[in-house]
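Student: I am new to this structure and would like to understand why its parts are described as they are. Could we go through some of the labels together?

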Amino acid sequence: MFAAAGLDFLDVCGLRVDGRKPNESRRVSSKYGAIPKSDGSVFWEQGNTHVIASVFGPRPCTYRSQEKSSSARVQVSFSISPFARSERKERSRSDRQSLELSHALEQTLSQIILTDAYPKTEIAVFVHVLQDDGGIRSASFNAACMALVDAGIAMNDCPAASSAGTVGNNILCDLNSVESSLCDGEITAVLMPRTNEIVHLHADPKLVTEKFSSVLEAALVGCKNNHETIKADLQHEV
């Protein structure tokens with residue numbers, strides 16, 4: 001049995017509700033070419049969170065006024081299926097989350113992509129959450145990056161994302177939806193594994209300052225776990 005939330009969220013064997021250890025990420029898998037008419041796409045599974053991402057481009061900009069003479073314009077659209085969650089969120093809250101995540105993805109991918117290699121073009125990335133069992137921010141970043149790889153887009157590195165948070169007395173890596181609902185504060189990080197540079201960091205304002213470093217460390221462990229899986233998956237594809 002699990003102790004009450006606020007005290008402990010592990011069973012007597014030190015395992016979480018889904019059988020994982022505190023620092024263990026969920027199983028991830030990817031299927032490339034999920035959208036045949038795109039230039040690159042992936043169906044990404046992170047536990048029971050499912051995301052599909054597609055890339056169109058580099059291609060001529062829709063409007064000439066949007067062209068950048070020396071680099072590509074990166075455009076990201078993020079959306080969540082109305083049936084992605086067991087409980088519906090208010091439309092306004094869901095819309096705000098979608099806009100914020102679109103902006104975060106666009107800013108981060110613009111740093112990662114070698115945009116100078118594609119002047120006067122646009123690269124459009126579409127990310128759609130089909131099923132939300134927690135960690136949609138990290139899953140969306142992972143899916144978007146894998147779709148860019150499938151499209152052959154040149155990048156500085158192949159980043160990986162993960163989250164971590166505090167539930168009661170425990171710091172847990174890669175929270176599922178049950179854990180997120182009881183979480184006292186969560187961090188999502190996107191890590192460039194070659195340089196160990198954090199290119200995106202989102203911290204829950206509920207997270208107390210004293211636990212920030214420990215939670216960030218757990219999130220980075222999750223990033224490295226996911227990177228190893230992604231690397232092995234890419235090697236298998238080749």
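Tutor: Let us begin with Ser54, which in this predicted model has its place in strand S3, residues 49–60.

Student: Why is Ser54 called buried?

Tutor: A residue counts as buried when its relative accessible area is under 20%, and Ser54 has a value of 6%, so it is buried. Leaving aside its neighbours within four places in sequence, Ser54 is in contact with several residues, among them Ile35, Ser38, Phe126 and Ala147.

Student: Strand S3 also holds Pro58; what is the peptide bond from Gly57 to Pro58, cis or trans?

Tutor: That bond is cis, with omega near 5°.

Student: What makes Lys120 count as partly exposed?

Tutor: The label is given between the limits of 20% and 50%, and Lys120, at 46% relative accessibility, therefore counts as partly exposed. Lys120 lies in the loop between helix H1 and strand S5, and its phi is positive, near 60°, although the residue is not a glycine.

Student: Asp174 also has a positive phi, about 55°, without being a glycine; why is Asp174 called buried?

Tutor: Asp174, found in the loop between strand S7 and helix H3, has a relative accessible area of 0%, and because the cut-off is under 20%, it is buried.

Student: How do you know that the span of helix H2 agrees with its number of residues?

Tutor: Helix H2 has 15 residues, 136–150, which at 1.5 Å a residue should span 21 Å, and its end C-alpha atoms are 21 Å apart, so the two agree. H2 is also mostly covered, with 13 of its 15 residues buried, and it is followed by Gly152, whose phi is positive, near 75°.

Definitions and conventions. Residues numbered from 1 in each chain as written. Predicted model: local features only at pLDDT ≥ 70, side-chain atom pairs only at ≥ 80, totals over all residues. Heavy atoms only, no water. Helix = DSSP H or I, 4+ residues; strand = E, 2+ residues; numbered from the N terminus. Expected span 1.5 Å × (residues − 1). Buried < 20%, exposed > 50% of the residue type's maximum accessible area, 1.4 Å probe, protein only. Contact = heavy atoms within 4.5 Å.
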